[in-house]
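Student: Could we work through this structure together, one question at a time? I would like to see how each answer is reasoned out.

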Amino acid sequence: MKIDLTDTDSSKINKAILQGRRAVGTPAVGAVLTLVIVTDEENAYDSVKAANEASREHPSRTLVVIKRHARTPRERHETRLDAEVRLGTDAGSGETVMLRLYGELGTRADSVVLPLLLPDAPVVVWWPVDAPEVPSQDPLGSLAQRRITDMYAVEDPLTALEERAASYAPGDTDLAWTRLTPWRSMLAAALDQAPLTVTSAAVESEAENPSAELLARWFEVRLGVPVDRVVTDGPVVTAVRMGTADGEIRIDRPEGPVARLSIPGQPSRVLALKVRTTAELIAEELRRLDPDEIYATALRGRA
């Protein structure tokens with residue numbers, strides 16, 4: 001079910017949500033959090049699709065903030081809010097509100113979003129693209145317990161990584177780090193199986209890959225050894241090597257959804273290590289909303 005509202009306000013949007021719930025036969029709110037997506041028209045479709053898929057695991061009210069850019073001087077002085085309320089099958093397992101802000105209203109998006117937040121429920125803000133320099137100080141970011149950015153979506157990911165390290169605040173996270181969860185789990189399991197002292201390490205990846213840099217920094221902190229960054233053709237992280245006195249522990253994933261794990265003195269084995277979708281990454285981030293201290297440590301690297 002979709003309800004279109006033109007030149008509206010937050011009060012009318014809330015009324016439309018209540019009317020829509022009654023119409024689809026779900027008057028009670030089943031959402032466990034509010035997910036605010038701040039994006040543009042170009043990326044709105046993919047972002048909403050990912051959020052809808054993630055809502056099957058985490059029912060949520062999704063507010064999509066799209067700041068429309070004026071084309072003429074006259075339009076810059078026209079302040080207007082258009083909204084589209086989606087419920088039922090059009091909104092995954094929650095409810096979605098598309099908010100299009102025109103004119104100066106785009107600079108006051110928090111005043112539009114605040115009345116639409118679910119009471120007594122956590123708030124997560126996700127910037128698929130064009131994240132602010134300091135997410136925690138952004139008007140929308142300051143409303144949230146969790147702030148999600150994505151360094152893959154910027155032109156210079158490694159510069160963005162340094163900016164994230166300098167501006168980090170508890171609650172910040174990045175999908176470049178979330179993409180590493182299977183790698184970190186597999187590497188930890190490999191070291192449990194072979195309790196050897198690591199004397200060197202290397203991370204192989206495509207150039208300018210923020211996930212690879214975070215993984216290398218995590219190694220430097222956890223293992224206390226220097227880590228080589230090796231550039232390959234990709235895609236993304238292709239291999240991790242850890243040198244020990246007994247030989248090399250190695251995980252290779254040159255391409256495809258599987259990797260090969262090699263441990264000294266043990267037969268090689270094939271493991272699933274696919275590149276996950278954005279919906280899977282967002283679903284993982286919504287499972288825990290407390291500060292990610294390990295991410296903060298990896299982000300800053302060795303002191």
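Tutor: Val236 is a good place to begin, and it sits in the loop between strand S10 (227-231) and strand S11 (237-244). Please keep in mind throughout that this is a predicted model.

Student: Is Val236 buried or exposed, and what is its relative accessible area?

Tutor: A residue counts as buried when its relative accessible area is under 20%. Val236 falls under that cut-off and is therefore buried, with a relative accessible area of 16%.

Student: What is the phi of Val236?

Tutor: Most residues other than glycine have a negative phi. Val236 is not a glycine, and yet its phi is positive, at about 45°.

Student: Which loop holds Asp130, and is Asp130 buried or exposed?

Tutor: Asp130, although not a glycine, has a positive phi of about 50°. Its place is in the loop between strand S6 (123-126) and S7. Since exposed means over 50% relative accessible area, the 66% of Asp130 makes this residue exposed.

Student: Which residues gather in the patch of negative charge on the surface?

Tutor: We can start from Asp156, one of the members of the patch, which is found in the loop between strand S7 (146-149) and helix H5 (157-167). Asp156 has a relative accessible area of 38% and is therefore partly exposed. The residues that gather in this patch of negative charge are Glu133, Glu155, Asp156, Glu163 and Glu208.

Student: How many salt bridges are there in the model?

Tutor: Side chains of opposite charge can pair when their charged atoms come close. A pair is counted here when a side-chain nitrogen of Lys or Arg is within 4 Å of a carboxyl oxygen of Asp or Glu. By this rule the count is 22.

Student: How many residues apart in sequence are the parts tied together by the salt bridge of Glu204 and Arg250?

Tutor: The closest N and O atoms of Glu204 and Arg250 are 3.7 Å apart, and the two residues form a salt bridge. Glu204 belongs to strand S9 (residues 198-205) and Arg250 to strand S12 (residues 247-252), so the pair ties together parts whose separation in sequence is 46 residues.

Student: Are Glu204 and Arg250 buried or partly exposed?

Tutor: The cut-off for buried is under 20% relative accessible area. Glu204, at 12%, is therefore buried, while Arg250, at 21%, is partly exposed.

Student: Which residues are linked with Glu213 in a network of salt bridges?

Tutor: Glu213 forms a salt bridge with Arg217, with the closest N and O atoms 2.9 Å apart. Both residues lie in helix H8 (residues 210-223), four residues apart, which is about one turn of the helix. Glu213 is buried at 14% relative accessible area, and Arg217 is buried at 10%. The residues linked with Glu213 in the network are Glu162, Arg217, Glu220 and Arg229.

Student: Which residues does Glu285 touch, leaving out those up to four places away in sequence?

Tutor: Glu285 is located in helix H9 (residues 278-285), and with a relative accessibility of 4% this residue counts as buried. Leaving out residues up to four places away in sequence, Glu285 touches Arg146, Ile148, Thr173, Leu175 and Thr178.

Student: How far apart are the C-alpha atoms of Glu285 and Asp246?

Tutor: Along the chain, Glu285 and Asp246 are 39 residues apart. The separation of their C-alpha atoms is 37 Å.

Technical notes:
Residues are numbered from 1 along each chain as its sequence is written. This is a predicted model: local features need pLDDT of at least 70, side-chain atom pairs count only at pLDDT 80 or more; totals for chains, interfaces and linings use all residues. Side-chain values use heavy atoms; hydrogens and water are left out. Patches are made of residues with over 30% relative accessible area and no salt bridge: like charges are joined within 9 Å, nonpolar side chains (Val, Leu, Ile, Met, Phe, Trp, Tyr) within 5 Å. Accessible areas come from the Shrake-Rupley method with a 1.4 Å probe; for residues, only the protein chains shown count as cover. Lys and Arg count as positive and Asp and Glu as negative; His and the chain ends are not counted. The place of a charge is taken as NZ of Lys, CZ of Arg, CG of Asp or CD of Glu. Helices (H or I, at least four residues) and strands (E, at least two) are DSSP runs, numbered from the N terminus. Buried means under 20% relative accessible area, exposed over 50%, partly exposed in between (1.4 Å probe, protein chains only). Contact means heavy atoms within 4.5 Å.
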